[in-house]
Amino acid sequence: MDKIFVSDKSFYRKLVTIALPITLQNLITIGVNMMDNIMLGKLGEVAMSAASQANQVFSLFQIFCMGMGMGASVLIARFYGMKDFISLKKSITIMYRMLLVLGSMFTLAAIIMPGTLMAIYTKEAAVIAEGIRYYKWTVPCFLLQGLTLTTTIVLRSIGKVKVPLYTSIGAFFINIGANYTFIFGKFGAPAMGVAGAGLGTLISRIFEFTVIVGYFLTKDKVVSYKISDIAMKCGDLLPDYVRISVPVFISDALLGFGNTAVAMVYGRLGSSFVSANSITAITQQLTTVVIQGIANASSIITGHTLGEGKTEQAQKQGYTFLALGVIFGAVSALLIQIIKAPIIGFYNISEETREIAFRLMNALSIILIFQTSNSILTKGVLRGGGDTKFLMIADILFLWIVSIPLGVLAGFVWHLPAFWIYICIRIDQIIKAVWCVSRLRSGKWIKKIESRN
């Protein structure tokens, strides 16, 4: 077994050191989303559905940001392993420039046509009207969230995971407190309903941006990045950035558009299906939070290892990460079966929505066994190795050519039960898991990146 899997204790210590704070930070984020859902659920399904559908645009933007950030992190982790800090700083600069352009575009769209954005996901007038109220308070969150998220990824890539964690803890209490105050009109504040949830989100985003971006620009001594560095010349790094990072952005963008297409399908199946899926999505995040931490850590560790020139060690680490994915996938599937009843019971929803939620949870349990292994490889090991073009092709093939068409047929042509609609829409997770394991075994996922020192 030692020939296949890593037995060195220092490897597992490094994994825990990086993955645990990321896991806790993700758990806090999920907790915020869950509390938002529960609070809005007290106002009824229209309010919960409106916030859920309005947040689809933020989710799309967040996926774009993850694509930019994780694409840049492949280079950042590799250059960090090489101790090439000039190239590392250039990678950050290119990422920030892309983020500012994209964030401005989303902000402008939310200001000019919030109703049009809502109409993409739902045709219910009441849901659209409530969603517009939510957007009025959350427009600044695009740039705030984008800069915070990408900077967090940079800090993780250089091993600084505690600052984002502590910031998320603070944001957790601020968000819940602000939401409780403004949604229900507590402590003398007006009862704003869905708009109150938007205001609470804005307040927490301002806090996160101030602490994380402020720390990176003023306190961090590893990169020592300054605002003036946004104007630095990066032309020599651009070919590597395009080759490694752009496919990650495209891949995650396709995922984001895919999620939008899925949300459009769900929205046209009715508010009951949307609400049930919202509950299921939160439960999925809750039960896979450890995997997400391991996936992020595996990308960083793989980049560091390859940056040090240890190719064989990186291959062995890849098999180890995959094994962890399989184990945690089985645990997550079992956990969903245990907690689905009490979680669904938290919500003030109709019997129809409750029944759909149970069916979606059962389908999710099957999908998760494959999705966890898939996440470890696509968002972690293979990405950390620079095999981003292969992953982009996999996303195009399986999401857009298989999952989305099959989901549309299942929902609107075959009129299948909720369980099978969900399985069809998520079937790309099963196919990609098999595909990516084969890629890991081939060793072709390790791509060369030259230091400029």
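These questions and replies deal with a predicted model of one protein.

Me: What makes the protein as compact as a globular protein of its length?
Reply: First, the make-up: the secondary structure comes to 16 helices and zero strands. The radius of gyration is 21 Å, and the globule rule gives 22 Å for 453 residues. The two values are close, so the protein is as compact as a globular protein of that length. Along the principal axes, the C-alpha atoms fill a box of roughly 60 × 45 × 35 Å.

Me: How much of the protein is buried, and what share of its contacts joins residues at least 24 apart?
Reply: Buried residues make up 59% of the 453. Take the contacts between residues at least 6 apart in sequence: 85% of them join residues at least 24 apart.

Me: What does the accessible surface come to, and what share belongs to carbon and sulfur atoms?
Reply: The total is about 17900 Å². Carbon and sulfur atoms account for 68% of that.

Me: How many positive and negative side chains are there, and how far apart are the centres of the two sets?
Reply: There are 40 positive and 22 negative side chains. The centres of the two sets lie 5 Å apart.

Me: Why is the pair F58 and F142 called stacked?
Reply: The count of aromatic pairs comes to 17. F58 and F142 form one, at 4.2 Å centre to centre with 10° between the planes. Rings pair if their centres lie within 6.5 Å, and planes under 30 degrees apart count as stacked. Both conditions hold for F58 and F142, so the pair is stacked.

Me: Which helices does the pair F58 and F142 link, and are the two residues buried or exposed?
Reply: F58 lies in helix α2 (residues 45-82) and F142 in helix α6 (residues 141-157). They are 84 residues apart, and the pair links distant parts of the chain. F58 and F142 are both buried. They also belong to one aromatic cluster, together with F61, F64, F106 and Y135.

Me: Why does the pair Y96 and Y225 count as edge-to-face?
Reply: The centres are 5.7 Å apart and the planes make 70°. The centre limit is 6.5 Å, and planes over 60 degrees apart count as edge-to-face. Both values qualify, so the pair is edge-to-face. Y96 sits in helix α3 (residues 85-112), and Y225 in the loop between α8 (194-218) and α9 (238-267). The pair spans 129 residues of the chain.

Me: How do you know whether Y96 and Y225 are buried or exposed?
Reply: Buried means under 20% relative accessible area. Y96 has 6%, so Y96 counts as buried. Y225 has 2%, so Y225 counts as buried too.

Me: What makes the phi of S224 stand out, and why is S224 called partly exposed?
Reply: The phi of S224 is positive, about 55°, although S224 is not a glycine. S224 lies in the loop between α8 and α9. Its relative accessible area is 28%. Partly exposed covers the range between 20% and 50%, so S224 falls there. K83 also has a positive phi, near 65°, and is a residue other than glycine. K83 lies in the loop between α2 and α3.

Me: Why does Q285 count as partly exposed, and how far is Q285 from T29?
Reply: Q285 lies in helix α10 (residues 271-287). Its relative accessible area is 31%, between the 20% and 50% limits, so Q285 is partly exposed. Q285 and T29 are 256 residues apart in sequence. In space, they are 9.5 Å apart, C-alpha to C-alpha.

Terms used. Residues are numbered from 1 along each chain as its sequence is written. This is a predicted model: local features need pLDDT of at least 70, side-chain atom pairs count only at pLDDT 80 or more; totals for chains, interfaces and linings use all residues. Side-chain values use heavy atoms; hydrogens and water are left out. Helices (H or I, at least four residues) and strands (E, at least two) are DSSP runs, numbered from the N terminus. The radius of gyration is taken over C-alpha atoms; the globule rule is 2.2 Å times the number of residues to the power 0.38. Buried means under 20% relative accessible area, exposed over 50%, partly exposed in between (1.4 Å probe, protein chains only). Contact means heavy atoms within 4.5 Å. Accessible areas come from the Shrake-Rupley method with a 1.4 Å probe; for residues, only the protein chains shown count as cover. Lys and Arg count as positive and Asp and Glu as negative; His and the chain ends are not counted. The place of a charge is taken as NZ of Lys, CZ of Arg, CG of Asp or CD of Glu. Rings of Phe, Tyr and Trp (its six-membered ring) pair if their centres lie within 6.5 Å; planes under 30 degrees apart count as stacked, over 60 as edge-to-face and the rest as tilted.
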